[in-house]
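Here are my notes on the model, point by point. Please read them with the structure open.

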Protein chains: 2
Amino acid sequence: MSLTVIKYDRVMGRWEPNALGRLQQAAIELYLERGFEQTTVAEIAKRAGLAERTFFRYFVDKREVLFWGSAALQELLVSTVVDAPIGTAPLVAVAAALEAAGALLQERREGALQRQAVIEANPELRERELIKLSSLSAAMADALRQRGVNEPTATLTGEVGIVVFKSAFEHWISPSNQQDFPQLIRASLDELREVTSGN
Amino acid sequence: MSLTVIKYDRVMGRWEPNALGRLQQAAIELYLERGFEQTTVAEIAKRAGLAERTFFRYFVDKREVLFWGSAALQELLVSTVVDAPIGTAPLVAVAAALEAAGALLQERREGALQRQAVIEANPELRERELIKLSSLSAAMADALRQRGVNEPTATLTGEVGIVVFKSAFEHWISPSNQQDFPQLIRASLDELREVTSGN
DNA sequence: AGAGCGATGTCATTCGCTGACATCAATCTA
DNA sequence: TAGATTGATGTCAGCGAATGACATCGCTCT
């Protein structure tokens with residue numbers, strides 16, 4: 001491996017920069033090449049030019065390396081809900097947040113597709129994805145409570161929001177899809193309203 | 001340990017019966033006593049009078065032992081959706097299924113409370129619970145498709161159903177709760193409809 | 001009586017993950 | 001500027017989850 005060869009160059013500091021990014025990159029490459037289970041943390045670290053131990057300093061486990069971006073997404077959702085105009089209905093505030101998140105994801109479509117391909121191929125990763133989505137739902141519910149929304153409306157609205165998001169996301173990653181993400185969010189929300197409006 | 005002492009009794013067959021049940025019992029006891037992470041599969045097996053290897057013949061992993069009942073729940077949900085009268089609205093069929101499932105859970109309230117206490121205390125177990133719920137949602141969506149319901153209505157209705165179920169379950173678990181489960185399902189569904197009926 | 005079966009046990013191994021401690025360039029401080 | 005400190009990384013030892021391969025041995029059927 002040439003990676004270790006270039007490590008001590010007079011131009012660089014002691015360590016090559018962006019260890020976290022290199023680990024992310026190495027991980028997704030290997031997960032795509034061989035699959036998640038067939039990839040060893042030692043292999044990821046080696047490709048990134050680091051020790052196995054270092055991987056676990058950046059990511060609590062082998063799965064978490066794929067979910068690093070979810071914190072930023074959560075902040076965006078929360079701030080959008082919090083900043084909605086006074087008097088905005090809970091579900092409308094949540095819808096605005098989802099549209100903002102969708103717009104953000106759209107900027108990294110290729111990466112999102114790769115990431116999703118890896119996740120859908122592995123049950124352990126699907127579990128992790130679900131708990132991340134659940135965390136987003138809980139965070140939005142919190143934000144709604146800050147706006148004075150009561151239980152169980154806050155929790156219910158957060159969860160419904162995630163349902164809408166998942167539905168829109170599915171359409172968005174479809175190869176045949178032409179619509180943009182925020183647009184798909186609005187469409188999913190409309191469909192949800194039809195589903196729940198029955199007697 | 002006296003367990004091994006009684007293993008070869010002239011009354012019994014070669015093995016003590018109900019190995020699966022003994023493993024479940026031992027597992028939940030230990031998870032309650034020491035917590036999930038602090039419990040070793042070897043300890044569970046020992047308490048059940050079996051070898052560690054045998055545990056993994058009954059359960060694919062250390063978590064699965066807590067979710068053995070979800071298959072029966074899924075069957076009940078599916079058959080109830082499938083058997084709903086012709087012309088029943090998708091969400092109404094799903095609501096009927098959830099009420100049936102709720103009624104079933106009610107028969108084992110103590111066990112359900114213990115199990116939930118263990119799950120809520122551990123993130124890994126919460127992950128597993130979420131994917132089980134997701135599987136229930138997918139199964140109901142399948143059942144709806146059998147009834148001629150199209151996408152994305154089928155998927156959306158399944159997921160909304162699980163949202164309703166979770167909300168009702170939370171209330172049902174509460175020590176102050178007096179209402180019965182099917183009743184709580186109807187109440188949660190009403191709240192959901194209010195959430196989504198806005199402009 | 002013997003063959004085959006099925007539930008269980010034993011053993012060895014891989015890998016995820018963690019704690020403890022070492023290293024060493026960069027940086028701060030006296 | 002010598003020396004202490006810090007922070008990112010490496011090294012090593014070890015535990016426990018999980019799996020494959022093979023052994024054991026009552027039971028049942030011929």
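1. Chain A and chain B meet in a contact that takes 26 residues from chain B and 26 residues from chain A. Keep in mind that this is a predicted model. On chain B, four helices each supply at least two residues to the side that touches chain A: α5 (90-106), α7 (123-146), α8 (153-173) and α9 (181-196). Of these, α8(B) gives the most, with eight residues.

2. What is the chemical make-up of that side of chain B? Its residues divide into twelve nonpolar, eight polar and six charged.

3. Now the symmetry. A turn of 180 degrees, with a shift of 0.0 Å along the axis, lays chain B on chain A with an RMSD of 0.0 Å. That is the relation of a two-fold axis. Which residue of chain B has the C-alpha nearest the axis? That is B:Glu127, with its C-alpha 2.7 Å from the axis. The same surface serves both copies, since 100% of the contact residues of chain B recur in chain A.

4. Turn to the DNA. Strand D is surrounded by 17 residues. The closest come from both chains: A:Ala19, A:Ala51 and A:Arg53 from chain A, and B:Asp61 and B:Lys62 from chain B.

5. Three helices each supply at least two residues of the surface near DNA strand D. They are α3 (52-58) of chain A, and α2 (41-48) and α3 (52-58) of chain B. The largest share, three residues, comes from α3(A).

6. How do the residues near DNA strand D divide by type? Eight are nonpolar, three are polar and six are charged. The charged group includes A:Arg53, B:Asp61 and B:Lys62, which are among the closest residues to the strand.

7. Look next at helix α1 of chain B, residues 19-34. This helix has 16 residues. From its first C-alpha to its last it reaches 22 Å, close to the 22 Å expected at 1.5 Å a residue. Just after α1(B), B:Gly35 takes a positive phi of about 95 degrees.

8. Which residues of α1(B) are buried? They are B:Leu23, B:Gln24, B:Ala26, B:Ala27, B:Leu30 and B:Tyr31. What covers them includes α2, α3 and α6 (109-120) of chain B. Two of these covering helices, α2 and α3 of chain B, also supply residues to the surface near DNA strand D.

Methods: Residues are numbered from 1 along each chain as its sequence is written. Chains are lettered from A and ligands numbered from 1 in the order in which they are written. This is a predicted model: local features need pLDDT of at least 70, side-chain atom pairs count only at pLDDT 80 or more; totals for chains, interfaces and linings use all residues. A residue is near a molecule or strand if its C-beta atom, placed from the backbone, lies within 6 Å of it. Ala, Val, Leu, Ile, Met, Phe, Trp, Tyr, Cys and Pro count as nonpolar, Asp, Glu, Lys and Arg as charged, and the others, Gly among them, as polar. Two residues are in contact if their C-beta atoms, placed from the backbone, lie within 7 Å. Copies are superposed by least squares on the C-alpha atoms of residues with pLDDT of at least 70 in both. The expected span of a helix is 1.5 Å times one less than its number of residues. A residue is buried if 20 or more other C-beta atoms lie within 10 Å of its own, exposed if 12 or fewer, and partly exposed in between; C-beta atoms are placed from the backbone.
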